[in-house]
Amino acid sequence: VFAIENWFNKMAVEVPIEALPYVDEIDDATRAAVLAMIEEEKKSFQPADYLQRLPPPPQHDFSESLFLLGELERVAAQKKQTPIDMARYELPGPSKEHKNDLGAWVESTNNAKAQLSTQRARIENLELLTKYGQAAWRKHAEDLDAQVKVQLARLEKIKADTQALHWERKEEQEAAARTIRELETKWGELISKNFQTEHACMVLQSEIDSLEARSKR
């Protein structure tokens, strides 16, 4: 008996006992105690650096752009943004003071040509959008739909793999539970036989002592 108990205690120390969540029966008090331990551990839990495997973010040097530096200084000083200059979109002629100035007329003409060129480009873009925009957006929508289908298929596969893993774990744990119950039954039978053997030995020893005492008489 002592040998079996010593072996059992030794195995309990050397072999870690794993939980079988699909098999173990936990009462409400034990469950509450476990949840309390989890909440207590969460207070001191230090999460791992999940971004360690990712490359570092790019470093932007804004000092190379005078425009960005000026905007950052403006925002820091809480100044209003300079309104957009709409003069380039207007077609003013020379003022009265410069109506006889050839240079003023050349500048106004060049501005009109630039405005005309811009409007022509806008018309061409609108015509291209009218002609090809619908097909382009349909193709874009089809590409997005294909990407959604791919991601949904990946999601379903992950769910199926997860469910299969749960079933595999459940089957393994149920098999382990049956083995544990069989071993527990065998262990109990061996302990009972050991007690019976020990009791029989004690009875025989008592008979031997009694015979020896009679023989000495």
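Gln115, when its neighbours within four places in sequence are left aside, is in contact with Arg88, Tyr89, Glu90 and Leu91. In this predicted model, Gln115 belongs to helix α4, and with a relative accessible area of 11% the residue is buried. Ser108 is likewise found in helix α4, which covers residues 102–216, and Ser108 counts as buried at 18% relative accessibility. Outside the four places on either side of it in sequence, Ser108 is in contact with Pro92, Gly93 and Pro94.

**Confidence**

The mean pLDDT of the protein is 84, and 91% of the residues score at least 70. Among the elements, helix α4, to which both Ser108 and Gln115 belong, has the highest mean pLDDT, at 91, whereas helix α1, made up of residues 2–14, has the lowest, at 49. Where pLDDT is low, the predicted coordinates should not be read in detail.

**Salt bridges**

Side chains of opposite charge can pair when their charged atoms come close. The structure holds six salt bridges, and the table includes some of them.

| Salt bridge | Closest N to O | Helix |
|---|---|---|
| Glu39 and Lys42 | 3.4 Å | α2 (residues 28–43) |
| Arg74 and Glu71 | 2.9 Å | α3 (residues 66–76) |
| Asp161 and Lys157 | 2.9 Å | α4 |

In helix α2, Glu39 and Lys42 are separated by about one helical turn, because they are three residues apart. Glu39 counts as partly exposed at 43% relative accessibility, while Lys42, with a relative accessible area of 52%, is exposed.

Arg74 and Glu71 both lie in helix α3 and stand three residues apart, which is about one turn of the helix. Arg74 counts as buried, because its relative accessibility of 17% falls under the 20% cut-off. Its partner Glu71, at 22% relative accessibility, counts as partly exposed.

In helix α4, Asp161 and Lys157 are four residues apart and are therefore separated by about one helical turn. Asp161 counts as partly exposed at 41% relative accessibility, and Lys157 counts as exposed because its relative accessibility of 52% is over the 50% cut-off. Helix α4 thus holds the salt bridge of Asp161 with Lys157, along with the buried residues Ser108 and Gln115.

Terms used. Residues are numbered from 1 along each chain as its sequence is written. This is a predicted model: local features need pLDDT of at least 70, side-chain atom pairs count only at pLDDT 80 or more; totals for chains, interfaces and linings use all residues. Side-chain values use heavy atoms; hydrogens and water are left out. Helices (H or I, at least four residues) and strands (E, at least two) are DSSP runs, numbered from the N terminus. Buried means under 20% relative accessible area, exposed over 50%, partly exposed in between (1.4 Å probe, protein chains only). Contact means heavy atoms within 4.5 Å. pLDDT is the predictor's confidence in each residue, from 0 to 100. A salt bridge is a side-chain nitrogen of Lys or Arg within 4 Å of a carboxyl oxygen of Asp or Glu.
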